[in-house]
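This briefing introduces the structure shown below to a reader who has not seen it before. It treats the ligand surroundings one after another.

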Amino acid sequence: MPTPEPLSAGQRTLRLTAIALIAGALALAFAASAGWLTPARLTPGRIVDALQGHDGLHPGFRRAHAKGVCVIGEFAGNGAGAALSKAALFAAGARVPVVGRFSTGGGIPDAPDGRVVFHSMALSFTLPDGSQWRTGMNHVPIFPVATPQDFLAFQLATRPAPATGKPDPARVAAYLAAHPETRAFMAWLREHPLPSSFANGTYYSVNAFRFIDAAGTARTVRWRMQPEAPFAELDKATLAQRDADFLFADLATRLRAGPLRWQLIVTLAGPGDAGNDATRPWPADRRELTLGTLTLERATLEDDGPCRDLTFDPLILPAGIAASDDPLLAARSAAYARSFTRRAGEPAPRSALARDPSFRETVR
Amino acid sequence: MNARPASFHPYARLLHWSMAILIVAMLFVGVGMASTVSPLRQTLLALHRPLGLALLVLVALRLAVRLRHRPPPLPAALPAWQRHAAGASHGLLYGLMFALPLVGWAMLSAGDYPLTLAPGLTLPPIVPRDAALYALRRRAHTALALLLFGTVLLHLAAALQHAWLRRDGVMASMAPWRRRPGQSG
Ligand code: HEM
Ligand code: HEM
Ligand code: HEM
C-alpha cells in the first residue's frame, strides 16, 4: 500500500482537534438526552424521592400504597364491551384470570387503617394471547392534581417538617391558594363518606383512557368497579380507635365466607369532557355501560402472594385499550417502574399484616 | 492459509452501518425515555423495545457473516498493542450488542412486565419471575448501556484516527461505499 504524504504538525493538530470535537459533541448530546445538563427536568427519580421524603424510606415496600394484600379471582365479560373495545376480555363469554391488590394510600407500610386515605383496588387481567391489562383504582373519582409537576409540588408542600413531624402550615396554605383543584379534591374527601369495607367500595380509574373498537374507532372513557355489596359508611369520628388492620381483616374474613363481586362500568366522555384532567369529574348523565363481572375468590398475604413482585403500571394495556392524553399516565408508568426497581432491589421485610397474628388467621 | 480480503464483506459493511445508526439511536432513546415523566416516554418505549429486539436478530446475523467471511487484516505497520486493543474492543462491542437486548428482555421477564409488541404478539418470558433479579438486571441494563456508549466513543475516535491521521486503509475497509480498484483509502 502506498505510504500517504506525511502530515505537517499543523495538519496533525487540526485533525486531532476535529476528532476530539466530534467525540465531545456526541458525548455532550448524550448527556443532554439523559438530562444530566438540566437538573430541573422532572425525572421519575425526583417524583419517587419526593414520595420517600414525604412518608419516609421503607425499604422493600411500594413508595405509595405501601400497605396491601393480594387477591385472586377472575373477570367475565358480558359482551357489551365488544362494541367499544376489541380487548378479548370484553367478548361475550370471555373469562380471564385476575391477580389484584387492595391497598390503602400513603407510603407507610405499618400505618393503621383508620385514616382518611385512598382505599384502592389494583388489578392485572391476563388475556388469552398473553397480553395484560393492569389498572390501579382509587375510591375517590378525582385526583388532587392534574399534572406530574403539580404532583411533585403537592408532595413537597405537604412534606412533614423534621422538627414538628407535621407539614408546614404556611407552605400548605401557599400551595392550596394556588391550586383550586386540590381544594376541590379535599372538599370531596370531607363531604363524602368512606366506605366501611374494601368490599363495598367503588373504585375509579380516575384517569381517562381510550377504548378502541374492531374498526379502529377510539372513544375516551373512564371506568369503575362497582361492588355488589351494599354501601355502608365508615364512622369517621371513631376511625382512630379501630384496630390497626381492621379493613384488611374485614376483607379477608368476607372472602373466607365467599367470593366478592364488582361490576365493571365504563363511562363515555361527552362533548367537552376533558380526557386530560383527572381533577375534573364528568357530568353524571354520561352514557354508561356494564361490561362484565369481577369475582374475587381469596386473599393472600403479599409476602408470599402473587401481587407484590410486579407493578400495576396503568399503561400496561391490551390491544383495544390505550392511553388518553392525560399527562399523569406517563408519569405514573415511569414512577411505578422506578418505585418497583428500588423496592425490588431491597430486602423485603415482613409486611404489617404478616406480623399481625389475628390477620394471619383470617387468610389461612 | 486463505487469502484475506482487502475490505469487509458487503454484508458486514451493510450490517455495521445500519446497526451503528440504530444502536446510537437506541442509546439516545434509552437515556431520554428513562429520565422523563412526559408522554414522550411512552412513544420512545414503544420504539425502544421492538428496535432492541430487532437488533438482537441483526447481531446474530452479523456474527454469522463475520464467521463466514474473514475480516481484512489490520495494517502490518500497526503497533501490536493497537492491534490487541482493536480486537478486544470489537469483542466487547459484540458482547454488548448481544447483552443489551438480552438483559432488556430478561429484566422485563423477571419483573413480570408483559412484552407485547403488537396486537396478538406477546413474547414469552425468557427467565422466571424474580423481583431481585429484575432490579439487578434493570441496573445492569443502564450500566451496560453506558459502557457501550463509552466504547462506541473510543471506537469512533480510533476509526477517525485511522482515516485522518494514519490514512492506512482501515476506514476504507469498512466504508459503506464501494472502493475503486487500487484505491487504498
Ligand atoms: C402522577 C401521579 C401519580 C404518581 C406519581 C403515583 C405514584 C405511585 C407509586 C410510586 C406507586 C407505587 C408503585 C409500585 O411500587 O409498584 C403507586 C401505587 C398506586 N397508585 Fe399511584 N401515582 C399517581 C397517580 C395515581 C392515580 C391517579 C391513581 C388512581 C387511580 C393511583 C392509584 C394507585 C394505586 C391503586 C396504587 C397501588 C397499586 C398496587 O397495589 O400496587 N395513582 N402510585
Ligand atoms: C460511529 C461511527 C463508527 C465508525 C466511524 C466506525 C468505524 C469502523 C471501522 C473503520 C471499522 C473497521 C475496523 C477494522 O478494520 O478492524 C469498524 C469495525 C467494527 N465496528 Fe464500527 N464504527 C462506528 C460505529 C460502530 C458502532 C456503534 C458499533 C457497535 C456498537 C460498531 C461496531 C464495530 C465492530 C464490532 C467492528 C468489527 C468488525 C465487525 O465484525 O463488524 N461500530 N468500525
Ligand atoms: C441494543 C439494544 C439496547 C440498547 C442500546 C438499550 C439502551 C438502553 C438505555 C441507554 C436505557 C436507559 C437506561 C437508564 O438511563 O437507566 C434503556 C432503558 C430501558 N430499556 Fe433498553 N436498550 C436496548 C435493548 C432493549 C430491549 C431489547 C428491551 C426490552 C425488550 C429494552 C427495554 C428497556 C427498558 C424497559 C428500559 C427502561 C425504561 C424505564 O423504565 O425508564 N431495551 N435501554
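Ligand 1 is surrounded by 27 residues, and the closest are A:Arg62, A:Arg101, A:Thr311, A:Tyr336 and A:Ser339. The model is a predicted one. Around ligand 3 there are 21 residues, and the iron atom of ligand 3 has two protein donors, B:His48 and B:His141.

**Polar contacts of ligand 1**

- A polar side-chain atom of A:Tyr336 lies 2.6 Å from a nitrogen atom of ligand 1.
- For A:His65, the distance from a polar side-chain atom to a nitrogen atom of ligand 1 is 3.4 Å.
- For A:Arg332, the corresponding distance from a polar side-chain atom to a nitrogen atom of ligand 1 is 3.5 Å.

**Make-up of the shell around ligand 1**

- Two or more residues of the shell around ligand 1 come from each of α2 (44-55), β2 (95-104), β3 (119-126), β4 (132-138) and α7 (327-344) of chain A.
- The element that gives the most to this shell is α7(A), with seven residues.
- By class, the shell around ligand 1 consists of 14 nonpolar, nine polar and four charged residues.

**The iron site of ligand 3**

- B:His48 and B:His141 each bind through NE2, at 2.0 Å from the iron atom of ligand 3.
- The site of this iron atom is octahedral, with angles of 87 to 179° among its six donor atoms.
- B:His48 belongs to helix α2 (residues 40-68) of chain B and B:His141 to helix α4 (residues 131-166) of chain B, so the two histidines tie together parts that are 93 residues apart in sequence.
- B:His48 counts as buried because its relative accessibility is 13%, under the cut-off of 20%.
- B:His141 also counts as buried, at 15% relative accessibility.

**The shell around ligand 3**

- The closest residues to ligand 3 are B:Arg41, B:His48, B:Met107, B:His141 and B:Thr142.
- An N or O atom in the side chain of B:Arg41 is 2.9 Å from an oxygen atom of ligand 3.
- The side chain of B:Arg138 has an N or O atom 3.2 Å from an oxygen atom of ligand 3.
- The side chain of B:His48 places an N or O atom 2.7 Å from a nitrogen atom of ligand 3.
- In chain B, α1 (10-34), α2, α3 (80-110) and α4 each supply at least two residues of this shell.
- With six residues, α1(B) gives the most to the shell around ligand 3.
- The shell around ligand 3 divides into 13 nonpolar, six polar and two charged residues.

Note on methods
Residues numbered from 1 in each chain as written. Chains lettered and ligands numbered in written order. Predicted model: local features only at pLDDT ≥ 70, side-chain atom pairs only at ≥ 80, totals over all residues. Heavy atoms only, no water. Donors = N, O, S within 2.8 Å, 3.2 Å for Na, K, Ca; no water. Tetrahedral: all angles 85-135°; square planar, octahedral: opposite > 155°, others 65-115°. Helix = DSSP H or I, 4+ residues; strand = E, 2+ residues; numbered from the N terminus. Buried < 20%, exposed > 50% of the residue type's maximum accessible area, 1.4 Å probe, protein only. Near = heavy atom within 4 Å. Polar contact = N/O pair within 3.5 Å; in protein donor to acceptor, adjacent residues only side chain to side chain. Nonpolar A, V, L, I, M, F, W, Y, C, P; charged D, E, K, R; others polar.
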